[in-house]
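Me: I have a new structure to read. Can you walk me through it, one feature at a time?

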Amino acid sequence: GRQEVEAETVTASKGGVSGLGYAVLRACARHGDAKRAEAWLDKWALAGIHANVRCLNAMLHACARAGDLPLAEQWLLDIIDRGLEPNVFSFNSLLAASAEAVDLPAAHRW
C-alpha cells in the first residue's frame with residue numbers, strides 16, 4: 001500500500017532512514033514543526049525503520065525551533081535509550097531549546 005511505498009522511500013539498504021528521510025526531518029526543523037517531525041519518526045518506527053543520531057538530532061533541532069524544551073529533553077533521553085551517543089549537535093539543540101524557552105537553569109544542565 002501507500003504506507004509501504006512511503007516507508008521504502010525513506011529507507012536505506014540497512015533498514016535505516018535515508019538521506020531523503022533526513023531531509024524531511026530537516027524541513028520540519030526549519031519550520032519549527034516538531035510535531036510533524038515526531039509523526040514521521042513514529043511512522044518510520046512502526047514500519048521498522050530505525051533513525052540514526054543524525055535524524056534524531058534533526059528532531060531535537062525541530063524541538064528547539066518550536067521552543068519545546070520538554071520534548072527536546074525527552075528526545076535526548078530517547079537517543080541515549082536507543083544506545084546511540086548524543087553529540088555536539090544534540091547538546092547544541094538542547095541549549096537552543098533552553099534559550100528559546102528562556103530557561104537558564106536548563107541551559108546550565110546541558
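Reply: We will go from the fold to the surface and then to a pocket. Keep in mind that this is a predicted model.

Me: Start with the fold. How many helices and strands does the chain have?

Reply: Count the elements, then read their order. Here there are 7 helices and 0 strands. From the N terminus on, the order is α-α-α-α-α-α-α.

Me: How do I read contacts along the sequence? What share joins residues at least 24 apart?

Reply: Leave out the neighbours in sequence, then look at the separation. Among contacts between residues at least 6 apart in sequence, 61% join residues at least 24 apart.

Me: Next, burial. What percentage of the residues count as buried?

Reply: A residue is called buried when its relative accessible area is under 20%. The chain has 110 residues, and 36% of them pass that test.

Me: And the outside? Which atoms supply 55% of the exposed area?

Reply: Carbon and sulfur atoms supply that share. The exposed area of the chain is about 6,300 Å².

Me: Now the pocket. How much space lies in the largest one?

Reply: Take the volume, then the lining. The largest pocket holds about 250 Å³ of space. It is lined by 15 residues, and Arg26, Asn57, His61, Phe89 and Ser93 are the closest to its centre.

Me: Which elements give two or more residues to that lining?

Reply: They are helix H2 (19–30), helix H4 (53–66) and helix H6 (88–100). H4 gives the largest share, with 7 residues.

Me: What is the chemical character of the lining, split into nonpolar, polar and charged?

Reply: Sort the lining residues by class. The lining of the largest pocket has 6 nonpolar, 5 polar and 4 charged residues.

Notes:
Residues are numbered from 1 along each chain as its sequence is written. This is a predicted model: local features need pLDDT of at least 70, side-chain atom pairs count only at pLDDT 80 or more; totals for chains, interfaces and linings use all residues. Side-chain values use heavy atoms; hydrogens and water are left out. Helices (H or I, at least four residues) and strands (E, at least two) are DSSP runs, numbered from the N terminus. Buried means under 20% relative accessible area, exposed over 50%, partly exposed in between (1.4 Å probe, protein chains only). Contact means heavy atoms within 4.5 Å. Accessible areas come from the Shrake-Rupley method with a 1.4 Å probe; for residues, only the protein chains shown count as cover. On a 1 Å grid over the protein atoms alone, a cavity is a set of points where a 1.4 Å probe fits but cannot get out, and a pocket is an open set with protein on both sides within 12 Å along at least five of seven lines; lining residues have an atom within 4 Å of a point. Grid points are joined across faces, edges and corners, and a volume is the space filled by probe spheres set on the points. Ala, Val, Leu, Ile, Met, Phe, Trp, Tyr, Cys and Pro count as nonpolar, Asp, Glu, Lys and Arg as charged, and the others, Gly among them, as polar.
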